[in-house]
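Colleague: I would like a close look at one part of this model, taken slowly enough that I can follow it on the screen. Please keep to what can be read from the coordinates.

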Amino acid sequence: MKSAPILTRALVYGSTVTVAVAVIGSIIGFLVAGAPGVASALFGAALTAFFMGLTTLSILVAQRVTAHRPSPSVYFAIVIGAWLLKFVVFVVVLLVLRGAPWIDPYVFFFSVIAAVVGSLIADVVAVAGAQISHVPPA
């Protein structure tokens, strides 16, 4: 299955949501916490965008690796391996940022949550709007 158009659409929608979260989060962050609020909102949105791109990249790599010899095990090992990598990176980032004076934890938390939920909704909209054949051609 060629999913590049769906992934492209999901990336465009997700990027739009991430930019909106960065802008709106920065404004709210500035009003709530000043400069650390802006930095927190921008960093939270950027982190989410990075993870969104990593997910897309893992799917494209998995498709390329299994293109000539389809193997669901290899495909899902690549995708789940990328998910585990994202989880480890996220935990490390949280540990590094813990107590950083330029981060407001509440603004960071809410910007990450808003960007993640928004990108998930964008993924659903992208997939729902795709024209996917359910019956293989004869």
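Colleague: How many aromatic pairs does the count come to? Please take me through the rings, and then through the way helix 1 packs against other helices.

Modeller: Please keep in mind throughout that this is a predicted model. The count comes to seven aromatic pairs. One of them joins Phe50 and Phe51, whose ring centres are 5.6 Å apart and whose planes stand at 50°, which makes the pair tilted. The two partners differ in their surroundings, because Phe51, at 12% relative accessibility, lies under the 20% limit and counts as buried, whereas Phe50, with a relative accessible area of 45%, is partly exposed. Tyr75 and Phe76 form another pair, with 5.2 Å between the ring centres and 80° between the planes; since an angle over 60° counts as edge-to-face, that is the class of this pair. Phe76 itself is partly exposed, at 47% relative accessibility. Elsewhere, Phe43, Trp102 and Phe108 are linked by ring pairs into a cluster.

Turning to the helices, helix 1 covers residues 4-33 and helix 4 covers residues 105-128, and their axes come within 8 Å while crossing at roughly 155°. Because angles over 145° count as roughly antiparallel, helix 1 and helix 4 are roughly antiparallel to each other. Their crossing is right-handed. The contact of helix 1 with helix 4 is made up of twelve nonpolar, six polar and two charged residues. On the side of helix 1 the residues include Ile6, Arg9, Tyr13, Val17 and Val21, together with Gly14, Gly25 and Gly29. On the side of helix 4 they meet residues among which are Val107, Ser111, Ala114, Gly118, Ala122, Asp123 and Val127.

Helix 1 also packs against helix 2, which spans residues 35-65, and here the axes are 6 Å apart and the angle is about 165°. This angle, too, is over 145°, and therefore helix 1 and helix 2 are roughly antiparallel to each other. Helix 1 passes helix 2 in a right-handed crossing. The contact between helix 1 and helix 2 has 16 nonpolar and nine polar residues, with no charged residues. If you put the two contacts side by side, you will find two charged residues in the one with helix 4 and no charged residues in the one with helix 2.

Definitions and conventions. Residues are numbered from 1 along each chain as its sequence is written. This is a predicted model: local features need pLDDT of at least 70, side-chain atom pairs count only at pLDDT 80 or more; totals for chains, interfaces and linings use all residues. Side-chain values use heavy atoms; hydrogens and water are left out. Rings of Phe, Tyr and Trp (its six-membered ring) pair if their centres lie within 6.5 Å; planes under 30 degrees apart count as stacked, over 60 as edge-to-face and the rest as tilted. Buried means under 20% relative accessible area, exposed over 50%, partly exposed in between (1.4 Å probe, protein chains only). Axes are lines fitted to C-alpha atoms, for helices over the stretch in contact, and angles run from 0 to 180 degrees between N-to-C directions. Helices (H or I, at least four residues) and strands (E, at least two) are DSSP runs, numbered from the N terminus. Angles under 35 degrees count as roughly parallel, over 145 as roughly antiparallel, 65 to 115 as roughly perpendicular and the rest as oblique. A crossing is left-handed if the near helix is turned anticlockwise from the far one by less than a right angle, and right-handed if clockwise. Contact means heavy atoms within 4.5 Å. Ala, Val, Leu, Ile, Met, Phe, Trp, Tyr, Cys and Pro count as nonpolar, Asp, Glu, Lys and Arg as charged, and the others, Gly among them, as polar.
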